[in-house]
Amino acid sequence: MKGAKKYVSMAVCSMQNSLAYRFSYIMNLTSGLITLVSLFYLWKAVFRGRTEMAGFTWQEMQTYLLVTFFLGCLLSWYSEGRISGKILDGSVSLDLLKPLDFQKARFAETVGSLAIEGVVSGIMITGLLGATAGISVPHSPLVWVQFLMSTAASVMVKFGIVYMTGLICFWTTGSFGVVWARIAVTNLLSGALVPLAFLPEWLQKLAEVLPFQAIVHVPASIFLGKYSAPDAAGMIVLQFAWAAVLWMCGKWMWKGAVRQITVHGG
Amino acid sequence: MRVRPIRGLYLYWRFISTQIKAILEYQADFWILVVSAVLTQLMGVVFIAAVFARIPSIDGWGFWEVCFMYAMIYVTEGIGSLFFEGTWRMLRYVNMGELDRFLLRPVSPVLQMLASAVGMNGLGNITLGCALIAVSLRHVRIEWTALTVFWTAVLLLSAVAIRVAINFGSNCSAFWNKSSGNAVPLAVHNVGEFAKFPITVFSHGVQLFVSVAVPFAFVSFYPAAYLFGHEDWTRYAYFGPLAAVYAWAVAYGIYRMGLRRYESTGN
Amino acid sequence: MGTIEVRGLKKVFRQAVKDPGLAGAIKHLFTRKFTEKTAVSGIDLTVEEGEAIAYVGPNGAGKSTTIKMLTGILVPTSGEIRVMGVDPFRDRMRNARQIGAVFGQRTQLWWDIPVRESFALLKDIYEIPEDRFRRNLNTFIELLGMDEFLGLTGRKLSLGQRMRADLAAALLHDPKIVYLDEPTIGLDVAVKENIRGFVRALNRELGTTIMLTTHDLKDIEDICRRLVIIDHGRIIYDGTIEAVKDAFATERTIHFQGTFEESRLRELADRLPAAEVTIHEPGHFSVRFNRFVTGAPEITSQVMGVAEVADFRISEPDIEEVIRKVYEGGIELPRLTGMGA
C-alpha cells in the first residue's frame, strides 16, 4: 500500500515512546492488577457454596476476569490521553501541518504502543496463570485463532470509541469528564464490569445492539467456548463491521471537529 | 510559626472561591464532569445490584451495607475532588517548578496546594453518594444517642481526612518520580477498590494492608461496621481518628522529605 | 552585618543515572547510581541594606539557584544564609513576609482571575493594611501604567503587561528586599525602560535592597551600583561597576568638537601609539586609544596642539563588552575589593 510507510514509522516511534514510559505503564498495570485481585476475592466469596451463577462456574469466572484484564491492558490510558492531550494543548494544529491523516496517524500510534502493552500484559497474565490453578484454557487451536482475531477487532472497536470521545475535547477544556464518562459506559455495556449475563434483561438487550460488547463480551465468550465455531465467526464479522462503522463516524466527526480549532485558538 | 486556624480557613476559602469562580465559566465542562461522576458511581451500584440479585449476602454483609461502603468511598473522593483537588496537581507543581510560587508566600504551601484547584466532578460524587448513604442508613435500626451521633461525625470526618491524606502523600511521589506522570498516586488511589467491599472477603494480608499501610478501610469498611453494628469489627472502628492523624503525619513527612529534594527546574 | 549574609553556600543536585533499556530500568530499582552536578560551589556574599546589586553570569552559572536558595525555595546542600537574620529555608514563612520576588519566566499571578483580584488576594495573604494597600496599588497603577489591563485575567495578559503586574504583585507588601530574576526578558524597549525606571526609583527613593539577575546589561547600568559575576558556581568578581570598567575596558574614546585641518589630524594619529582618529562630520572627530598605552590627558593636549577644540567628552566604556569578555574567559579578573567584600 502506497503511503503506508509513514504510518508504520509512526507506529515504531510510538512503540519506543511506550518503552520510555514503561514505569508509568507498569504502575498502571499494577492499578489494574489491584482491581483484578479485589474482584477475584469478591467473586470467590460470592461463589462460595455455589457451583454456578448466571451460567458461569467459578472456574469460568476466574477465566473471564483474566481475559477482561488482558483486554483492558490493551489500548491503555496512555493512548487515550494522547489523543485528547493533543487537542487540549493545541499541538493538534501542528499535526495539521503534516501530510498525515489525523485518524490514521493516531491509529498507527495506538497500534505501536499496543505491541508493547500486549507483550507486557501477556507476560503478566502468564505469571498469573501459574498463580491461579483453576483457569480454563481453550484446547482447540481454532478457538485460539478466533480469539486472536476477535481481540484484534476488539482493539479496533475500542479505538473507534476512544477516538471519538477524544475529539469531544474540541468542545471542552478538560478531558477527565469525557474520559470518565466513556469508561463508565464502556465498562458496563462491554461486559468489563460484570459479565453481561448478570445484567437485567433490558440492559442485555441494549448491549446486544450497541458496539461496546465487541470490546470484552465477544472475545471473552469466544475464549470461554460459549459460542459454536460458526457463531463465533459471525460475531467476529459483526465486530469488524462495528469497527468499520465507528471508523467512518470518526472520520465524519473529525470534519466537524477540526473547524473548532480556530475557536479553540490552538 | 504560630498556627492560626481561623486565618487558615479564611485564606483557604479565598483561594478555593477563586478557583470555583474560574471553573464556573466553563459551563460545558462543569456538566460533563458532574454527569461523568454520577455515571461512574452508578456503574458501581449496578455492579453491586447485579451481584446481590443472585445472592442475599456476601460474607454476612447485605446489599445496603455494601452500598454504604461504596458510597463512602465515592463521597470522600468527591470531597477530595471538590475541595482538595490541588493534591492531584502536585506533579505539575514539582515538574514545572510551580511550587516556587507557593514557597514564596508567607502562607503554608500545603494549604495553598490543597486549595489550588476544584474538581466539579466531586459535586456529582457527593450528591449521589450522600443520597445513597442516607437510603442505606434507613435500612438499619440505629439508636441515635448523643454518643452515636458524636462517633458517626468523628468517623466521617476521619474518613475524609484519611482520603485527602492518602491523595496528598501519594502525589508527593512527584518529588522522586518525574517522568511517570500520575501513575503512582493513581495506583495508590486504586487501592481504594479493596475498600468498596467488606474486607472480610480478602486474605489477611490485604486486610492488614488496607487497614495499616494505606488505611482505606477506615474510609468505608470500619465506619460501616460501626454503624451497621457488626460487633466483631466495631472495636477497630474507634481507631478511625488515630488512623487520620497517622495518615496525615506520614503524608506530611513524605512532603517534607520531598521538599528537600525539590529542584525548582523547568520553565 | 549585612541584610543578606551568605557563607560558604553550596548546592549540589543529584541526578539519577539509568542504564538504557528495560534491564537498566529494573537494575535501577535496586542499585542507584547518581551523578552530582554542582550548581553553586561555595559562595560568600554580603549585601548591605539599600544596595542594588547585579548578579550576573553565563547560563547555568548558578544565578537562579542562588536566588532560589536566598528566597527559601531550595534547601542549600551546605553553607549558611541569613536574610535579615532569618534562615530562609527553615524559617521560610518569616522570610517570605520581608521579601518580594519576580521570576521573569514564571508568573505569580492567578491565571484565571482578573489582575485586580489577584492583588486583592495578595493583600489577604500578606495581611497588608487596607490604607497601605490602596496607596501602594494606586502608585503602582500610575507608575507602571496598569490601568488598561487590571480587569483582564492572568492568562490574557501580554508578556509586558504580565511582567508589570508581577512586579507590582511582588511589591504590594513593601518588602525590604526584592529579588528580580530576568525581569525584562523578552520585553520591548518601552516596557523595559518603564520597569528599569520603576526599580531604580524603588531603590533610590525607598531604600529597598535590590538583587537583580539579568542578561540585559542595560538593566545593570540603569539600576545597580555593585556587580557580582558568577561563573561555574563561584563568584569571580565582586565590586563596583565603575571599578570593573576602569580596570578592564582597555579602549577609550574622546569626542572633540571644533575646527581642525584634516591632514594635521592624520599626522597626529600616526604619531600617537595605539590610537585611531575618525572624522564623523565637519567640526566633529573622535580619537579611540588604548588607555594603558596613552593617557587621556596626553591625548587631549596633543589634539589641542593641532586643532581648535570647542568642547570634548570622554565616552564611557561599555560594560557589556567587559562582561562578555569575562564570560568568554578573555580576561582574568583579579578579585577586586569592592563594596562590602
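# A tour of the predicted model

In this predicted model, there are 3 cavities of 30 Å³ or more. The tour begins at the largest of them, continues to a glycine of chain C, and then turns to chains A and B as wholes.

**First stop: the largest cavity**

Please select B:L104 and B:R105 together with C:I99, C:G100, C:A101, C:Q108, C:L122, C:Y126, C:A169, C:A170 and C:H173; these residues line the largest cavity. The enclosed volume is about 100 Å³. Rolling a probe the size of a water molecule over the atoms shows where empty space is left.

Next, colour the lining by residue class. It comprises 7 nonpolar residues, 3 polar residues and 1 charged residue.

Which elements of chain C each supply at least two residues of this lining? They are β5 (99–103), α4 (115–126) and α6 (159–171). Highlight β5 of chain C in particular, for this strand gives the most to the lining, with 3 residues.

**Second stop: C:G62**

Remain in chain C and select C:G62. This glycine is found in the loop that runs between β3 (52–56) and α2 (63–70). Is C:G62 buried or exposed? Its relative accessibility is 7%, and because buried means under 20%, C:G62 counts as buried.

To see what surrounds this residue, display C:A39, C:V40, C:Y55 and C:I230. With neighbours within four places in sequence left aside, these are the residues in contact with C:G62.

Then add C:E5 to the selection and draw a distance between the two C-alpha atoms. C:G62 and C:E5 stand 57 residues apart along the chain, and their C-alpha atoms are separated by 17 Å.

**Third stop: chain A**

Now hide the other chains and show chain A as a cartoon. Chain A contains 12 helices and 2 strands. Followed from the N terminus, its elements occur in the order α-α-β-β-α-α-α-α-α-α-α-α-α-α. The radius of gyration of chain A is 19 Å, close to the 18 Å that the globule rule gives for 266 residues, so chain A is as compact as a globular protein of that length.

Orient the view along the principal axes: the C-alpha trace of chain A spans about 60 × 40 × 35 Å. A colouring by accessibility is useful here, as buried residues make up 50% of the 266 residues in chain A. With the surface switched on, chain A exposes about 11900 Å², and carbon and sulfur atoms supply 71% of that area.

Contacts may be considered by their separation in sequence. Of the contacts in chain A with a separation of 6 or more, 80% are accounted for by residues 24 or more positions apart.

**Fourth stop: chain B**

Finally, isolate chain B and show it as a cartoon. How many helices and strands does chain B have? There are 13 helices and 0 strands, and every element listed from the N terminus on is accordingly α. A compact globule with 267 residues would have a radius of gyration near 18 Å; the 19 Å of chain B agrees with this.

Seen along the principal axes, the C-alpha atoms of chain B fill a box of roughly 60 × 40 × 40 Å. In an accessibility colouring, 62% of the 267 residues of chain B count as buried. The accessible surface of chain B comes to about 11000 Å², of which 67% belongs to carbon and sulfur atoms.

As for contacts in chain B between residues at least 6 apart in sequence, 78% join residues at least 24 apart.

Terms used: Residues are numbered from 1 along each chain as its sequence is written. Chains are lettered from A and ligands numbered from 1 in the order in which they are written. This is a predicted model: local features need pLDDT of at least 70, side-chain atom pairs count only at pLDDT 80 or more; totals for chains, interfaces and linings use all residues. Side-chain values use heavy atoms; hydrogens and water are left out. Helices (H or I, at least four residues) and strands (E, at least two) are DSSP runs, numbered from the N terminus. Buried means under 20% relative accessible area, exposed over 50%, partly exposed in between (1.4 Å probe, protein chains only). Contact means heavy atoms within 4.5 Å. On a 1 Å grid over the protein atoms alone, a cavity is a set of points where a 1.4 Å probe fits but cannot get out, and a pocket is an open set with protein on both sides within 12 Å along at least five of seven lines; lining residues have an atom within 4 Å of a point. Grid points are joined across faces, edges and corners, and a volume is the space filled by probe spheres set on the points. Ala, Val, Leu, Ile, Met, Phe, Trp, Tyr, Cys and Pro count as nonpolar, Asp, Glu, Lys and Arg as charged, and the others, Gly among them, as polar. The radius of gyration is taken over C-alpha atoms; the globule rule is 2.2 Å times the number of residues to the power 0.38. Accessible areas come from the Shrake-Rupley method with a 1.4 Å probe; for residues, only the protein chains shown count as cover.
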